[in-house]
Amino acid sequence: MNRFPLEVQKQLADEGALIEKCLLTVMPGWASTTMDRIAADIKALGPERCVLVTDFGQANHPNPVNGMEDFIGQLLDRGISEEAIYTMAIPLNRLPEAIS
């Protein structure tokens, strides 16, 4: 989702999608966006419309827990609030009824 224009992300969120924000997309070898862009998109979309993931866990990537700690720290440094982080990191209460 990070490479989709913000207007497309907004349209998808308006239709009920949760917009994934992924740490892997800023890692060397995978970089398709910047942390500044991720933070700006979250601010524009609203945290209730986003979900945080790392896509870590493979043998050649950092531990997912450590990755999420890093991701959260970088977002806090860019002005994303703790409340917004909690909303995006714990999305189970926002799953569509058909899935939950």
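This report describes the salt bridges, one buried polar contact and the cysteines of a predicted model.

The count of salt bridges in the model comes to five, and three of them are set out in the table below.

| Salt bridge | Closest N to O distance |
|---|---|
| K10 and E7 | 3.8 Å |
| D14 and R49 | 2.4 Å |
| D41 and R37 | 3.4 Å |

Two of these pairs lie within a single helix. K10 and E7 both belong to helix 1, where they are three residues apart, about one turn of the helix; K10 is partly exposed, at 26% relative accessibility, whereas E7 is exposed, at 55%. D41 and R37 both belong to helix 2 and are four residues apart, which is again about one turn of the helix. In this pair D41 is buried, with a relative accessibility of 4%, while R37 is partly exposed, with a relative accessible area of 30%. Salt bridges that share partners also join R37 and D41 with K21 into one network.

The salt bridge between D14 and R49 connects separate elements: D14 lies in helix 1 and R49 in the loop between helix 2 (35–45) and strand 2 (50–53), so the pair ties together parts that are 35 residues apart in sequence. D14 itself counts as exposed, at 62% relative accessibility.

K21 also takes part in a polar contact, in which its side chain meets the side chain of Q9 at 2.6 Å. Q9 is found in helix 1, residues 6–14, and is buried, with a relative accessible area of 0%.

As for the cysteines, C22 is buried at 3% relative accessible area and C50 is buried at 0%, and a search of the whole structure finds zero disulfides.

Note on methods. Residues numbered from 1 in each chain as written. Predicted model: local features only at pLDDT ≥ 70, side-chain atom pairs only at ≥ 80, totals over all residues. Heavy atoms only, no water. Helix = DSSP H or I, 4+ residues; strand = E, 2+ residues; numbered from the N terminus. Buried < 20%, exposed > 50% of the residue type's maximum accessible area, 1.4 Å probe, protein only. Polar contact = N/O pair within 3.5 Å; in protein donor to acceptor, adjacent residues only side chain to side chain. Disulfide = S-S within 2.5 Å. Salt bridge = Lys/Arg side-chain N within 4 Å of Asp/Glu carboxyl O.
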